[in-house]
Amino acid sequence: MHLDPGAGLTERFVTLPDGRKLRTVVAGEGPGPLVVFEAGMSAPAATWSHTQHAISAHTRTLSYDRAGYGGSDEDPADRTLERIVDDLTALLEAIDEVDPVILVGHSWGGPIVRLFADRHPDRVAGLVFVDATLAEAMPPHNARITAWSMRLMGLLARFGAQRLIERTSLPHGFGPEITDERARIMLRDYACHQAMRTGAREAKHIGAANPTMRRLQEKGTPPVPTICVQGGRVDRGMSKLRPLLNQKAAVLMAAVPDGKVVVVHGAGHAVPQEKPGPVHDAVLEVVDKARRGKERQATRR
């Protein structure tokens, strides 16, 4: 399915080894590093539209619809964390992206990029976690609630309640930097039955992924520039969880040689849509550090 990605962005389709097609959105030029955006659960590539366009002025960028979202083919296999990372790996190989990339993961995109980095540390030039899902946020009870809520949102979307989905997911609305066109594109691909149905397929496996998430957090990430951007606003139901997650993020970043935490006090979980500026700053900082690190390596040779 062809979907207009918005001004300054280009849609391309990539065929995986098993024949499935994934819809990608690319922008930017230059030697890199390539910045790869990984969206959250129930979220398509379009949720990165504003951020990707901004970052593409400085380097090459790629976002994509995971299997079942937007214009990408569905996957007959279970959408486990491991299967999702298999697809990301196959995608990068299909486009012959052999140099290390910078991975930016929001929400469920966090565990995805964390597992990719664990499997392929030599293919990672930098990491940006944006209010990434942590194991502490998904004990069995929370995992079940998330899966149930995805199914409910799918029913609401099927019966035309897109506005309710928008208000539920973005109770504080889009930040003023995001144009009406970008907001329309994001909601077109997000507030729909297809996205919620696919999100429910992924949510079924959150509980099973929790041990892997804990293992990866304990092991840590590769020694590359890493920034964790956290929401700072305490929304309803987050009075205990928000401080816990931000404290845990600080602990994880303290273990990274070049890691740091940025707390965006005016944003909740939807940082890229509410307050995209700090996300842009974090990505560009990691890009700059990765480039300088590559230059230093070249000088030593």
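Biologist: Which helix holds leucine 152?

Modeller: Leucine 152 sits in helix H4, residues 140-158; helices (H or I, at least four residues) and strands (E, at least two) are DSSP runs numbered from the N terminus. This is a predicted model, with local features needing pLDDT of at least 70 and side-chain atom pairs pLDDT 80 or more, while totals for chains, interfaces and linings use all residues. Residues are numbered from 1 along each chain as its sequence is written, and side-chain values use heavy atoms, without hydrogens and water.

Biologist: Is leucine 152 buried, partly exposed or exposed?

Modeller: Buried means under 20% relative accessible area, exposed over 50%, and partly exposed in between (1.4 Å probe, protein chains only). Leucine 152 is partly exposed because its relative accessibility is 35%.

Biologist: Which residues join Leu152 in a nonpolar surface patch?

Modeller: Patch residues have over 30% relative accessible area and no salt bridge (a Lys or Arg side-chain nitrogen within 4 Å of an Asp or Glu carboxyl oxygen). Nonpolar side chains (Val, Leu, Ile, Met, Phe, Trp, Tyr) are joined within 5 Å, like charges within 9 Å. Here Trp148, Leu155 and Phe159 join Leu152, and together the four have about 470 Å² of accessible area, by the Shrake-Rupley method with a 1.4 Å probe, only the protein chains shown counting as cover.

Biologist: How much space lies in the second largest pocket, and what lines that pocket?

Modeller: Rolling a probe the size of a water molecule over the atoms shows where empty space is left. A pocket is an open set of points on a 1 Å grid over the protein atoms alone, with protein on both sides within 12 Å along at least five of seven lines; lining residues have an atom within 4 Å of a point. The second largest pocket has about 610 Å³, the space filled by probe spheres set on the points. Its lining has 27 residues, with Ala125, Ala290, Gly293, Lys294 and Gln297 nearest the centre. Helix H11 (276-300) and strand E6 (124-130) each supply at least two lining residues, and H11 gives the largest share, 11 residues. The lining comprises 13 charged, 11 nonpolar and 3 polar residues.

Biologist: Where should I look for backbone exceptions?

Modeller: Most residues other than glycine have a negative phi, and most peptide bonds are trans. From glycine 32 to proline 33 the bond is cis, omega near 5°, and proline 33 lies in the loop between strands E2 (21-27) and E3 (35-38). Serine 42 has a positive phi of about 75° and, at 2% relative accessibility, is buried. Aspartate 131, in the loop between E6 and H4, has a positive phi of about 40°.

Notes: 1 Å grid on protein atoms, 1.4 Å probe; cavity = no way out; pocket = protein on both sides within 12 Å on 5 of 7 lines; lining within 4 Å. Nonpolar A, V, L, I, M, F, W, Y, C, P; charged D, E, K, R; others polar.
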